Amino acid sequence: IFGKVKLAYEQLPNWIKPGAIEFSKTKMLFDNGCKMQVTTTTENTGRGFSINVLLLDEFAFVDSGTARSFFTSVLPTISASKTSKVIITSTPNGVGNLFYELFTGAVEGKNSYAWDTVLWSDVPGRTEEFRKDQISQMGYKKFAQEYEAQFISDANSFIPEELFQQY
C-alpha cells in the first residue's frame, strides 16, 4: 500500500506536491510538516506519535496479544483528535481476535466503526466457474474465509461447514 501511495505522490503535478525531505522505503517526510511512516505492529508502535490516519492492513493476522496492546497504546492518541481516522483492512482469521471483535461490533452497532466487505463476486469477471475452481483448489472453509469474508471457527463440528453455511 505504501508503494502505491509513493507512486501516486510521484505522479502528482509539481505545483501540488509538497517538497520531500525524506523519501525512503518506510518513511516520507514533507516540508509542510506531514509525515507518512510504515512500521510493523508491536505492543508500543505508535506511542508518542501524532496520528491523523492510522491504516492497519491484515490486522486479523497480528498476534492477538500484540494487537490488543498496540490498540490500547494508540487509542488515546487517536481519540484525542476529532479528525483522526482508523482504517482497518483484513481478511478474517477466525474468531476471538481483536479484528473479529471490532468488525462484529461495527455490524451490530456496538461501536463507532463503519464496516464494509468486498466479496469474490464483487470483482468484475469472477464467475461461478471461478468460485468452483477456487473451492476445488483450497477447500470450502478457506474459500469462505479468503473470498467470502467469513469468520470461520477452528472448532471441529460433526456438521460439514458447507451445510452449516447453507442453513
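**Aromatic pairs, a hairpin and a surface patch**

Counting rings whose centres lie within 6.5 Å of each other, one arrives at 13 aromatic pairs in this structure, which is a predicted model. One of these is formed by F99 and F103, whose ring centres are 6.0 Å apart and whose planes meet at 35 degrees, so the pair is tilted. That label follows because planes under 30 degrees apart would count as stacked and planes over 60 degrees apart as edge-to-face. Along the chain, F99 and F103 both belong to helix 3, which covers residues 98–107, and because they are 4 residues apart there, about one helical turn separates them. As for their surroundings, F99 and F103 are both buried.

From F103 the path continues to a second ring, since F103 also forms an aromatic pair with F151, again a tilted one, with 5.5 Å from centre to centre and 45 degrees between the planes. This pair links distant parts of the chain, for F103 is in helix 3 while F151 is in the loop between helix 5 (140–148) and helix 6 (161–166), and the two residues are 48 apart. Like F103, F151 is buried. Seen together, these rings belong to one aromatic cluster, which is formed by F99, Y100, F103, W115 and F151.

Aromatic rings also appear here in the company of charged side chains. The ring of F23 has the charged end of K6 sitting over it, at 5.1 Å from the ring centre, and the face of Y9 has K17 lying over it, at 5.2 Å from the centre of that ring.

F23 leads on to the strands, as it is the last residue of strand 1, which spans residues 20–23. Strand 1 pairs in the antiparallel sense with strand 2, residues 27–30, over 3 bridges. Within this pairing, E22 stands opposite L29, a residue of strand 2. The two strands, strand 1 and strand 2, form a hairpin, and 3 residues lie between them.

The last stop is on the surface, where I1, V53, L55 and I87 make a nonpolar patch of about 360 Å². One of these residues, V53, is found in strand 4, which runs over residues 53–57. V53 has a relative accessible area of 53% and is therefore exposed, the limit for that term being over 50%. The buried F99 and F103 and the exposed V53 thus give the reader two settings to look for in the model.

Terms used: Residues are numbered from 1 along each chain as its sequence is written. This is a predicted model: local features need pLDDT of at least 70, side-chain atom pairs count only at pLDDT 80 or more; totals for chains, interfaces and linings use all residues. Side-chain values use heavy atoms; hydrogens and water are left out. Buried means under 20% relative accessible area, exposed over 50%, partly exposed in between (1.4 Å probe, protein chains only). A charge sits over a ring if NZ of Lys or CZ of Arg is within 6 Å of the ring centre and within 35 degrees of the ring normal. Two strands pair if DSSP finds at least two bridges between them. Patches are made of residues with over 30% relative accessible area and no salt bridge: like charges are joined within 9 Å, nonpolar side chains (Val, Leu, Ile, Met, Phe, Trp, Tyr) within 5 Å. Accessible areas come from the Shrake-Rupley method with a 1.4 Å probe; for residues, only the protein chains shown count as cover. A salt bridge is a side-chain nitrogen of Lys or Arg within 4 Å of a carboxyl oxygen of Asp or Glu.
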